[in-house]
Amino acid sequence: MNIADANKKKLIKKTGLDKYYKASSWAGYNKQMFDKLAPKYDAGNVLHSFGTKWMYDRKAMEKIPFPPQATILDLCTGSGDIAIYLAEKYPDSKVVALDVSKEMIKLARKKATHLNNIEFVEGDALALPFKNETFDVVIISYGLRNLTNIEEGIKEMVRVTKRNGFVSSIDQGKPQNLFFKFIYKVYFYNIAPVIGKIIFHMGEYNTFRYLPESNKYFPHPKDLVLLFSKNELKNVQNFDYFVGAIAQQVGQKI
Ligand SMILES: C[S@@+](CC[C@H](N)C(=O)[O-])C[C@H]1O[C@@H](n2cnc3c(N)ncnc32)[C@H](O)[C@@H]1O
């Protein structure tokens with residue numbers, strides 16, 4: 001068993017995923033969790049980001065130089081907010097939004113009926129149904145951590161990106177400020193799981209526990225920069241938001 005598999009096993013036990021779902025693999029648990037979460041996903045995001053997620057998502061998109069008439073791929077699109085934002089902001093672009101969860105894709109489609117430059121695909125980020133070098137920009141947000149293998153996910157993103165195109169990931173970071181670190185820990189370990197249990201996930205899997213636990217096994221932004229650079233990406237930069245609670249890596253395909 002490699003480290004990634006061992007960590008996913010620990011995560012399943014630690015968060016109690018196996019008490020609510022039955023699956024033979026990490027990917028199976030993850031898909032069931034997000035299918036079940038879909039109707040509550042947007043409200044959950046507002047709650048645990050204190051309503052700031054949309055703002056930081058937009059700031060992060062400003063760091064990517066989208067060319068005119070860009071072809072854009074949003075992986076692990078979830079309820080589709082970032083993909084929809086980009087399709088609206090760049091009406092001459094073509095956006096493809098992919099997710100493995102049928103329920104998330106259903107929800108995202110409903111939110112995008114006013115757009116004709118966006119397409120939703122149910123699929124696996126680790127086995128993309130696209131030819132090499134198809135997209136100008138490939139993004140993923142709060143998605144890499146869910147993949148069975150993070151490096152394989154980055155490789156697949158790079159494979160479908162055109163030469164000189166851009167790859168970006170946004171996810172939780174590792175805040176360094178001691179006071180903020182303390183508040184962050186108290187909130188994510190003591191307050192959020194309780195809010196989750198009382199008002200949000202009554203009698204079902206508490207995704208508010210998944211967030212801090214999965215972040216423990218998620219690489220430090222510095223290591224993600226190295227991983228990007230090792231995988232055919234140049235000029236890789238890290239951008240921190242919200243005192244480092246959120247981090248984005250952007251690189252250009254060699
Ligand atoms: C935390 S949500 C992020 C959604 C969205 N990108 C956002 O920023 O709100 C993670 C998403 O990754 C999806 N996902 C997990 N594993 C996947 C895989 N192997 N391929 C595609 N999507 C996957 C889940 O279904 C879920 O919708």
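Helices (H or I, at least four residues) and strands (E, at least two) are DSSP runs here, numbered from the N terminus. With that in hand, α3 (26-37), α4 (41-48) and β2 each give at least two residues to the shell around the ligand. Keep in mind that this is a predicted model, where local features need pLDDT of at least 70, side-chain atom pairs count only at pLDDT 80 or more, and totals for chains, interfaces and linings use all residues. Residues are numbered from 1 along each chain as its sequence is written, and side-chain values use heavy atoms, leaving out hydrogens and water.

**Around the ligand**

- The ligand has 20 residues around it (near means a heavy atom within 4 Å), and Y41, C76, D99, A125 and S141 come nearest.
- By type, the shell splits into nine nonpolar, eight polar and three charged residues; Ala, Val, Leu, Ile, Met, Phe, Trp, Tyr, Cys and Pro count as nonpolar, Asp, Glu, Lys and Arg as charged, and the others, Gly among them, as polar.
- On the side-chain front, an N or O atom of Y41 sits 2.6 Å from a ligand oxygen, and one of S141 sits 2.8 Å from a ligand oxygen.
- A125 joins in through its backbone, with a polar atom 2.8 Å from a ligand nitrogen.
- On its own the ligand has 600 Å² of accessible area (Shrake-Rupley method, 1.4 Å probe), and the protein covers 93% of that.

**Helix α5**

- In α5 (residues 53-61), the buried residues are K53, Y56, D57, A60 and M61; buried means under 20% relative accessible area, with a 1.4 Å probe and protein chains only.
- These residues lie on the same side of α5, because they cover an arc of only 140 degrees around the axis (taken from the directions from the helix axis to the C-beta atoms).
- An α-helix has 3.6 residues a turn, so residues three or four places apart point the same way.
- The cover over the buried residues of α5 includes α4, α6 (81-89), β4 (135-141), β5 (161-172), β6 (233-241) and β7 (246-253), where contact means heavy atoms within 4.5 Å.

**Two buried strand residues**

- V95 is part of strand β2 (residues 94-99) and is buried, at 0% relative accessible area.
- Leaving aside residues up to four places away in sequence, V95 touches I72, A83, L86, A87, N117, I118 and E119.
- S168 belongs to strand β5 and is also buried, at 1% relative accessible area.
- With that same sequence cut, S168 touches I64, V138, I139, I140, M157, Q248, Q249 and V250.

Terms used: Buried means under 20% relative accessible area, exposed over 50%, partly exposed in between (1.4 Å probe, protein chains only). A polar contact is a pair of N or O atoms within 3.5 Å; within protein, one must be able to donate a hydrogen and the other to accept it, and residues adjacent in sequence count only if both atoms are side-chain atoms.
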